[in-house]
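Biologist: I should like to take a close look at a single part of this model and then see how the rest is arranged around it. Please keep to what can be computed from the coordinates.

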Amino acid sequence: MRLSINFTPSMHRGKEKYTEEQLVKLLREKDRAGFDYLYENYSGALYTVILNIVNDRELAADVLQDSFVKIWKQVSGYDPDKGRLYTWMMRICRNSAIDVVRSRDFRNTRQNVALEESVYGTVATEMKVEHIGIRKWIDKLREEQRIPLTMSYLEGFTHPEIAQKLGLPEGTVKTRIRAGLIQLRSLMSNSG
Amino acid sequence: VDSKEYINSGAIEAYVMGLATPEESAELEMLCRQYPEIRRALRECEESLENAALAQASPPPARVKNALDSALTFKKEPAAQAPVYPIPQQRGFPWRSVAAAAIVMLIASGILNYYFYNRYRKADEAYASLLAQTESLQASNKAIQARLDDMESGLTLMMSSNVQKVEMPGVGSFAQYHASVYWNHHSKEVFLSPGTLPPAPDGKQYQLWAIVDGKPVDAGMLDQCHLFCRMKPFDHASAFAITLEPAGGKTEPTMDQLYVMGQTRS
């Protein structure tokens, strides 16, 4: 029930098909075919991850470009023992996106202090959001899970920060986020 | 740690989503090494998230790929992918022959350089010695010229009609010697020609005397005199005589050393 094994990703459409091990080796060798394969198979998924956070297609494209440069330069530091290549890349993209949102929101809140007092304390959530990717599932969660998980995953706040903003004990925030994550995974596995 | 409880705690999901604190991440990584089931659960969670994300892929603008293609540094394409043209063996530029010829020419040039340098050095030395010879010739030429000038002026004086030649034959045991005085009445100049007088011994000098009013008067010492020597001028004199005296001369002639003597015409 946890995992839909029969899920068929839209990848491996290219002529070549590499295992993750082969792909990492090619990337470390700075191989162009390896990079083309990586981009073709992962750029769309990573673009969605970034878009979920920055809510702006042009800005998301810039962040994606920067993220791929980081991936290209840091791939020698990727440790396959600690996790899959996609997990590693997704973290790089998410961190880059949150950094951009943070600096953008910082500028915006300086320009318009009133916006600071919105529900989550950020501007991004006030904008029209695209209901794709993980946001699609997060939005299906109950509010007590949805709000801290949005603040944590999409806005990059730490548990103590969320606890302070929501006026909840830190332990409660952690419990609700983890419950939300388990729920989220279940939703993701069932939707396909 | 109860691995089943841990797997169901949401800690793995938090880790995969990047929401775990560094301490939580370190704990999970450690547990993965200890509990294969936790490791398996982590992999399953990762695959689940990855597959969901791939299903939600939205294509980014084409400019991203274009920018990356020019921004990233790729290793060079394998040579096999580039068309390879065989290097024509026959028609190519004859580098080997040209190189060999160049080396031969270089060596020949080196030998010639050495040869010409030696030639140049010898010529330079010869030129320097010629230059020195020319200088010494010029110097002796000048000296000769000066002596010639002296003799010419002396001869001009003696040829003058105002000059009286006073022959001084040898006296007594010195009869084999003779000398002459050339006396210009007009200018009063007196020149002596040593004639056949032998060279004066060391520490001695010939002294010319003019006999004026019956008394000998010093007319000068003979010094390195070849043909003519200018002596002291005299207004009038009845005779001239030469004695051998100690170097520097005396006020009175030493009569037993009277070599030659001659009367003037008055």
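Biologist: How many residues lie between S4(B) and S5(B), and which residue in the turn has a positive phi?

Modeller: S4(B) and S5(B) form a hairpin with 2 residues between them, and Asp213(B) in the turn has a positive phi of about 50°. This is a predicted model, in which local features need pLDDT of at least 70 and side-chain atom pairs pLDDT 80 or more, while totals for chains, interfaces and linings use all residues. Residues are numbered from 1 along each chain as written, chains are lettered from A and ligands numbered from 1 in the order written, and side-chain values use heavy atoms, without hydrogens or water.

The strands of the hairpin are S4, residues 204–212, and S5, residues 215–221, of chain B, joined in the antiparallel sense over 6 bridges. Strands and helices here are DSSP runs numbered from the N terminus (E, at least two residues; H or I, at least four), and two strands pair if DSSP finds at least two bridges between them. Within this ladder, Ile211(B) has Pro216(B) in S5(B) as its bridge partner.

The hairpin belongs to an open sheet of 4 strands in chain B, in the order S5-S4-S7-S8, with antiparallel pairing. S5 and S8 (258–263) of chain B each have a single partner strand, so one side of each has no neighbour in the sheet. On average, neighbouring strands are turned by 30° against each other, direction ignored; the axes are lines fitted to C-alpha atoms (for helices over the stretch in contact), with angles from 0 to 180 degrees between N-to-C directions.

Chain B has another open sheet of 4 strands, ordered S1-S2-S3-S6 and likewise antiparallel. Its edges are S1 (163–169) and S6 (229–231) of chain B, each of which pairs on one side only. The twist from one strand to the next averages 25°. Inside this sheet, S2(B) (178–184) and S3(B) (190–193) pair over 4 bridges, and Val181(B) has Leu192(B) as its bridge partner in S3(B).

The interface with chain A comes next. Contact, meaning heavy atoms within 4.5 Å, involves 47 residues of chain B and 56 residues of chain A. The buried area, the accessible area (1.4 Å probe) that two parts lose on being put together, summed over both, is about 4800 Å², with carbon and sulfur atoms giving 58%. Between the two chains there are 12 salt bridges, each being a side-chain nitrogen of Lys or Arg within 4 Å of a carboxyl oxygen of Asp or Glu. One of them links Lys174(A) and Glu24(B), at 3.0 Å from N to O. On the side of chain B that touches chain A, H2 (11–16), H3 (22–34), H4 (36–55) and H5 (62–71) of chain B each supply at least two residues, and H4(B) gives the most, with 16 residues.

Asp36(A) also forms a salt bridge with Lys65(B), with the closest N and O atoms 2.8 Å apart. Asp36(A) lies in H2 (32–54) of chain A and Lys65(B) in H5 of chain B, so this pair joins two chains.

Finally, Arg84(A) lies in the loop between H3 (57–74) and H4 (85–111) of chain A. Leaving out residues up to four places away in sequence, Arg84(A) touches several residues, including Arg43(B), Glu46(B), Glu47(B) and Glu50(B).
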